[in-house]
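This report covers helix packing and enclosed space in one protein model. The structure is shown first, and the description follows.

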Amino acid sequence: MHDSTLYLDYRVDVAGTGFTVLDRVYADGDLFDEALGGSCGNVLVSLAMLHRHVAPVLALGDDEAGYRLVDEFVQAGATTRFISRRADLRSPVLAQELNTALGQHEFSFVCPETREELPRYEPIGHAEVASALNMLSRCSIFYADRLSDSILEAMRTAGAAGAVIFFEPSDIEEGDLFEEALQLATVLKYSEDRLGDRLVDRLHDCVRIVTYGAAGLEVRDGGETIWCDAIDAPAVLDTCGSGDMVSVGVIDWILTNDFGTSSLKAADLLEGIVAGQRLAAENCAYAGARGLFKKRGANFVRELLNIRSATY
């Protein structure tokens, strides 16, 4: 779809690829909203709404769901020239069933109305990487939450050009690919509950953000471990997107301070982590992964991020 000779004449703050879906949100059994979702999609579109230069690299279907996803990126101000629309794909759709009384949610690739299988996420291929090579060599941060041969190629390209590699895996299934991704990562963020026991002996030279759900998180750097208590939510309607808001805070902080890969340490990220935790807590009061953005606006979110913690 894109000419590989296309030249990007400005530096991109954040490029990224990974789990990006159309979230179909059912609140207490009724269809409530449809919006761009998935960790990668949520992080990238949130940063674009905060006026960061964001370039998603994605493979979507040439269908209505794909149009909706691209349009949300456009409305947020992201560069969409590296999103491929392919006739051989169906854009992914994920059903989220939300219980607002309990503040709990479940995800499914089965439509709760028709019981039909919903289309699943497909990673980018070589063509998508080839079209984005110039941009990938000019981005400050590269974000990924999934792996494939092509995603790893994109990660290598960005890392070789000096980008901070922010890797947020949800699972370990990829063997050698995963091992190389760990070697490339500048910041590794993962859930202790899901991946802690599988990563404990695989320590690499990167800053690790290890989340413990509602309790808080740890920041690890070599032998140093710093604990950050969670910030209490004003109300809990929906916890979806909370972890993504932490990532948004950290990435925004890295960009604000222009940290390079060689100088980045755990202590450098603490203000950004607390800012992200602040967003996560506020976001819990609203339905949807970006309810805070939708109800209060990006300027309010920026004000939350700019508050400085007295602790650090």
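## Helix packing and open space

In helix H4, Asp149, Leu152, Met155 and Arg156 meet Leu177, Glu180, Ala181 and Leu184 of H5. By class, this contact of H4 with H5 has five nonpolar and three charged residues, and no polar ones. The model is a predicted one. H4 spans residues 149-160 and H5 spans residues 176-184, and the two pack at an angle of about 20 degrees, their axes lying 11 Å apart. Angles under 35 degrees count as roughly parallel, and H4 and H5 are therefore roughly parallel to each other. The crossing in which H4 passes H5 is left-handed.

A second helix pair is formed by H1 (residues 39-49) and H7 (residues 242-257), which pack at about 45 degrees with axes 9 Å apart. H1 and H7 are therefore oblique to each other. Their crossing is right-handed. On the H1 side the contact is made by Ser39, Asn42, Val43, Ser46 and Leu47, and on the H7 side by Asp244, Met245, Ser247, Val248, Ile251 and Asp252. Five of the residues in the contact of H1 with H7 are nonpolar, four are polar and two are charged.

The pairs are set out below. Two packed helices are described by the angle between their axes and the distance between the axes.

| Helix pair | Angle | Axis distance |
|---|---|---|
| H4 (residues 149-160) and H5 (residues 176-184) | about 20 degrees | 11 Å |
| H1 (residues 39-49) and H7 (residues 242-257) | about 45 degrees | 9 Å |

### Pockets

H1 and H7 also take part in the largest pocket, where they are among the elements that give two or more residues to the lining. The volume of this pocket is about 1500 Å³. Its lining has 48 residues, and those nearest the centre are Ser39, Arg194, Ser242, Gly243 and Asp244. Besides H1 and H7, the elements giving two or more residues are strands S8 (104-108), S11 (187-191) and S13 (216-221), together with helices H6 (192-199) and H8 (270-283). H7 gives the most to this lining, with four residues. By class, the lining of the largest pocket has 22 nonpolar, 14 polar and 12 charged residues.

Ser39 and Asp244, named among the residues nearest the centre of the largest pocket, are also part of the contact between H1 and H7.

The second largest pocket has a volume of about 190 Å³. Its lining is made of Ala163, Leu184, Ala185, Thr186, Asp205, Cys206, Val207, Asp221, Thr261, Ser262, Leu264 and Lys265. These divide into six nonpolar, three polar and three charged residues. Leu184 of this lining is also one of the H5 residues that meet H4.

### Cavity

How many cavities of 30 Å³ or more does the structure hold? There is one. The largest cavity contains about 110 Å³ of space. Asp23, Val25, Asp33, Ala35, Leu36, Gln96, Ala287, Gly288, Ala289, Arg290, Gly291 and Lys294 line the largest cavity. Two or more of the lining residues come from each of strand S2 (21-27), strand S3 (30-37) and helix H9 (291-296). S3 supplies the largest share, three residues. By class, the lining of the largest cavity has five nonpolar, three polar and four charged residues.

How values were computed:
Residues numbered from 1 in each chain as written. Predicted model: local features only at pLDDT ≥ 70, side-chain atom pairs only at ≥ 80, totals over all residues. Heavy atoms only, no water. Axes fitted to C-alpha atoms, helices over the stretch in contact; angles between N-to-C directions. Parallel < 35°, antiparallel > 145°, perpendicular 65-115°, else oblique. Left-handed = near helix turned anticlockwise from the far one by under 90°. Contact = heavy atoms within 4.5 Å. Nonpolar A, V, L, I, M, F, W, Y, C, P; charged D, E, K, R; others polar. 1 Å grid on protein atoms, 1.4 Å probe; cavity = no way out; pocket = protein on both sides within 12 Å on 5 of 7 lines; lining within 4 Å. Points joined across faces, edges and corners; volume = space filled by probe spheres on them.
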